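Me: I would like to go through this model term by term. Give the rule behind each word once, then set the value against it.

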Amino acid sequence: MRKLTKALLGATTALTISTAMPAVSQAAELTLCWAAWDPANALVELSKDFTAQTGTEMKFEFVPWPNFADRILNELNSGGKLCDLLIGDSQWLGGSAENGYYVKLNDFFDKEGIKMSDFAEAAVNAYATWPKGTPNYWALPAMGDANAWFYRKDWFAKPELQAEFKKQTGRDLAIPTTWPELIETAKFFNGKEIDGKKVYGAAIFTERASEGITMGVTQALYANGFKYEKTAGKYDMDGAVNSPDAVKGLEEYKELYKCCTPPGYTDAYMGETLDAFKSGQAAMAMNWFAFFPGLYKDENVGGDKIGFFVNPKGTTAASTLGGQGISVVANTDNMDGALAYIKWFAQPDVQKKWWSLGGYAVHNAVLNDPSFKDSQPFAADFLVAMNQVQDFWQEPSYAILLQAMQKRMHDYVVADQGTAQEALDGLVKDWAEIFGDEGKL
Amino acid sequence: MTDTNTTIMDKATERMVHATPMSLARRVRGLSDRAIAWLFIAPTILLLLAINIFPLIWAVRLSFTNYRANRPNAVVEGVGLTNYQRVLNDPDIWIAMQTTAHFVFWTIILQTLIGFSLAYLIDRKFKGHAFWTTVILIPMMLSPAVVGNFWRFLYQPQIGLFNYIVSYATGVPPSSFEMLGAVSLAPWSIIIVDTWMWTPYVMLICLAGLRSIPDYIYEAAEVDRASAWRQFWSITIPMALPFIMLAVLFRGIENFKMFDMVMLLTGGGPGSTTEVASITLKREAFESWRTGRASSFAIILFVAVFGLANIYVKALNKVKQR
C-alpha cells in the first residue's frame, strides 16, 4: 500500500512539475514583433539589458518589410498569440485600437509615472494616439523616423563637376533645397560617367505591392502643400487631395522618376534604393532615417563620401512620416512582462542607449541634449524632419486607403496612364467610396 | 500469369478474412454491400465537405454581407446583391478580367503550338529522343517560385541575360528596354515565362495522344498512297485532338487562376498592367480586407471557370465520340 502511495505521489509530482514548467518558462519570456531591418538588430542588443535586469528572455519575430503588414495584421486579425509586444506602423493604430488588438496604456502610464510630455509632441501624436491627437495612448513612441535623402558628397565636391554645374545652371552644386533644384541636380548627374561608371540622378520609391510608391510620392505632395482634407476630420477631400499644388507635386515626382532613376526601377523600395546607392549607381537617393547609421558605416560609400539632407521644400517644408510606437498586444499571455518592458524602455537612460545603438529615440532627454545634433552626421536633419512630418491616414480603413493610392500613383507615375489631375481625381473618388462605406461621408 | 495473380489474390483475401476479429466480422456481416461502400467512402466525403464544400457555402454566405475579416467586432449586416453589383460594375475588375483573358489566350495558343510541335518531333523516335524528352521536361519540374525569381534576374535591364541576348541579336542596347517595367512588354514577359515553363506539360499530353494512334492506320493510309500532309491532317490531328483539347483545358483552368508567377515577376505592375483577376482578388481579400466583396468576386470567378469548363468538356466529349 505504501509503495502504491509513493508511486502515486511521485507520479502526481512529476505531472505537476511537467505541466507547470511551460507556464513558468512562458512567464519569463516575451516575444517582440517588428520589421526586419537595421534598427531591429539594435533593439536586440538593447534588450539584453532588460533580460539582465529582469531575467525575462526576449524572443524576436522580425518580418521583412514587404510582408510586414500582411503577416502581422493577419496575426492580429486571427487572434494569434505570436506577439506579446508589437512595434507596429503608425497607420495601424486606428484599426488596432478600435478592434481591441492593442492595450490602452493611459492607466498604466499614470500608475508608472510615464509622461507623454517627455517625448517629442509630433512623435506622440503620430505613434501613440487614437483618435489622432487626443490623449488616448495605445503605444509608447519607440522609433522616430521620416523619409529623407542622402547623396554622394564626394561627387558633389569634384571641382570639374562643380564648374560644369555652375556653367549649366548658374548656381553652385550643393544640397538641393527645393524640389525643382532636386530635379535639376538629378538631371545633371543622370547619364554622367563618374569614376569610369555610368551613374544616374536619383533612386526613389516606386514599389507597388505594399506602401513604397505612396511613401515616395507623398514627399513631393506634402512639400507642395498636399492636404488630405480641407477641414480636419470632415473628410472633405475634393479640392485638397486633387488641388493644383498636389497636382504639381505629383508631376514633379513623375518627372524625377522619368528623367533620372536607374534602369529597372519600376518596383523599388527600401532595399533597391539602398542597393542603387551602395553600388555607386545613384548620385542621390531617398530612404528612411533608420538606414542612415548603416549607410554612414558603409565601407564603399559611407564616411566622407556620403551626406544627408531633409526633404527639399516646395511651397512648404514637409517630410513623410515613418517610425513606430511599441504596443502591448491585448491577446498576450504575459501582460505583466510586456508592461514591464514598456516601463523599462521608457526610461531616459535606456532611450539614450537606444539612440547610441542606432535606434531613433524620440525622448526629450535624448533630443534636447545639447550634444545631440553633433552626435551623428544626420542627427540635426532628423530633428528638422521630425518637426515637419506628415502622416498618411491613420483610419481603421487605412489598408484600403493605402491600396487605392498605391494603384493610382503607380498607374500614373510608372505605367504612364492618364494625367496627374486624373490620378488624384480618381483617388478622391476611391477614398470617398471607402469613407462612404464606413459611414463617415 | 493471370491465373497466378488470381491465386495470390485469393490467398491474400482468405488470410485477411481469417485475420478479421470476430466481433467486427459479425457486425459487418449484417451490412449490405452498399452500406459497406458508404462506410469506406464516408471519411473522404466528410473531408471533402469540410475543406471544399463548407468553405464554398461559407463564401457564398459572406458574399451577401459587409463582413471584413480585420474587423471582428464590427456588426455583420446583409447587403443583398450590392457586392455583386459593385464587382460587376467596377471598371478595374473588368480590366483585370481582360488582362487574364489576354494572358490565358496567348499562353494557350503558344503552348499548344509549340507543345504539339515538340511532341510531333519527339514522336519520330530519333537517336537520343529519350534524353531530349527529359531535357525538355526540366522547366516543368521546377518550382514556380524558383522560376519566377531567376527570370526576374534574366529580365534585369542592366545585368540580365535576356536583355543581352536580345541586344546581341538586334543591336539594341541592353538597358534600353525593360521587360518587367515597360507597359507594353510586361504582359509578354509573363507569357514567355509561362510558355517556357508549361509547354513541356502540353508536349507530354500531346505525345501521349500521338503514341495512342495505332500504326496500322498509317500503314493503311500508305497503302492508299495518302501523302504525309494528308496523313497529318486526316489521321494525326483528328486522333490526337481529344488529347490536345485536354491539355488546353488543363492549362486554361490553371492560367485562369495564375497567381504565383505574376506576383513574383511583376506584382501586377507596372501600374495595373499585369494585374490578373487572382491578384485583384488577393488584394481585395487580404490587403483591403473587404471580405464580403472579395467573396462575391471569388464566386463570380468560380461560376465563370466552372461554366466555361463544363461547356468545354461537353465539346471534348463530342470530339471523342466522333
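Me: What is the bridge partner of A:Y200 in β9(A)?

Reply: A:A282 is the bridge partner of A:Y200 in β9(A). A:A202 also has a partner in β9(A), namely A:M284. Residues are numbered from 1 along each chain as written, and chains are lettered from A, ligands from 1, in the order in which they are written. The model is predicted: local features need pLDDT of at least 70 and side-chain atom pairs count only at pLDDT 80 or more, while totals for chains, interfaces and linings use all residues.

Me: What makes β8(A) and β9(A) a pair?

Reply: Strands (DSSP runs of E, at least two residues; helices are runs of H or I, at least four; both are numbered from the N terminus) count as paired if DSSP finds at least two bridges between them. Three bridges join β8(A) to β9(A), residues 282-288, and the two strands run parallel. β5(A) and β9(A) are joined by five bridges and run antiparallel. In that second pairing A:Y151 stands opposite A:M284. Both counts, three and five, satisfy the rule of at least two bridges.

Me: Why are β8(A) and β10(A) placed at the edges?

Reply: The open sheet of four strands has the order β8-β9-β5-β10 (chain A), with mixed pairing. β8 (200-203) and β10 (306-309) of chain A each have a single partner strand, so one side of each lacks a neighbour in the sheet. From one strand to the next the twist averages 20°. Angles run from 0 to 180 degrees between N-to-C directions, with axes fitted to C-alpha atoms, for helices over the stretch in contact.

Me: How do you know that α12(A) packs on this sheet?

Reply: A contact needs two C-beta atoms, placed from the backbone, within 7 Å. Helix α12(A), residues 270-278, touches β5 (147-152), β8 and β9 of chain A. The direction of α12(A) makes about 150° with that of β9(A).

Me: Why is β9(A) called mostly covered?

Reply: A residue is buried if 20 or more other C-beta atoms lie within 10 Å of its own, exposed if 12 or fewer, and partly exposed in between, with C-beta atoms placed from the backbone. Seven of the seven residues of β9(A) are buried.

Me: Which strands stand at the edges of the sheet of five?

Reply: That open sheet has the order β2-β1-β3-β12-β4 (chain A), with mixed pairing. β2 (57-63) and β4 (140-143) of chain A are the edge strands, each pairing on one side only. The twist here averages 30° from one strand to the next. β4(A) and β12(A), residues 324-328, are antiparallel and share three bridges. One of the partners in β12(A) is A:Q324, opposite A:M143. Helix α14(A), residues 335-345, packs on this sheet, touching β1, β3, β4 and β12 of chain A.

Me: Why is chain B described as more spread out than a compact globule?

Reply: The radius of gyration is taken over C-alpha atoms, and the globule rule is 2.2 Å times the number of residues to the power 0.38. For 322 residues the rule gives 20 Å; chain B has 26 Å, well over that, so chain B is more spread out than a compact globule. The C-alpha atoms of chain B fill a box of roughly 75 × 75 × 40 Å along the principal axes. Chain B has 14 helices and zero strands, and 29% of its 322 residues count as buried.

Me: Why is the crossing of α5(B) and α11(B) called right-handed?

Reply: The near helix is turned clockwise from the far one by less than a right angle in a right-handed crossing, anticlockwise in a left-handed one. α5(B) passes α11(B) in the right-handed sense. The axes of α5(B), residues 91-122, and α11(B), residues 228-256, come within 10 Å and cross at roughly 145°. Among the contact residues are B:T107 and B:Q111 of α5(B) and B:V248 and B:G252 of α11(B).

Me: What is the make-up by class of the contact of α9(B) with α11(B)?

Reply: Ala, Val, Leu, Ile, Met, Phe, Trp, Tyr, Cys and Pro count as nonpolar, Asp, Glu, Lys and Arg as charged, and the others, Gly among them, as polar. The contact of α9(B) with α11(B) has eleven nonpolar, three polar and two charged residues. The axes of α9(B), residues 186-211, and α11(B) come within 9 Å.

Me: How many residues does each chain bring to the contact between A and B?

Reply: Chain A brings 22 residues and chain B 26. On the side of chain A, α19(A) gives the most, with six residues. That side has seven nonpolar, nine polar and six charged residues.
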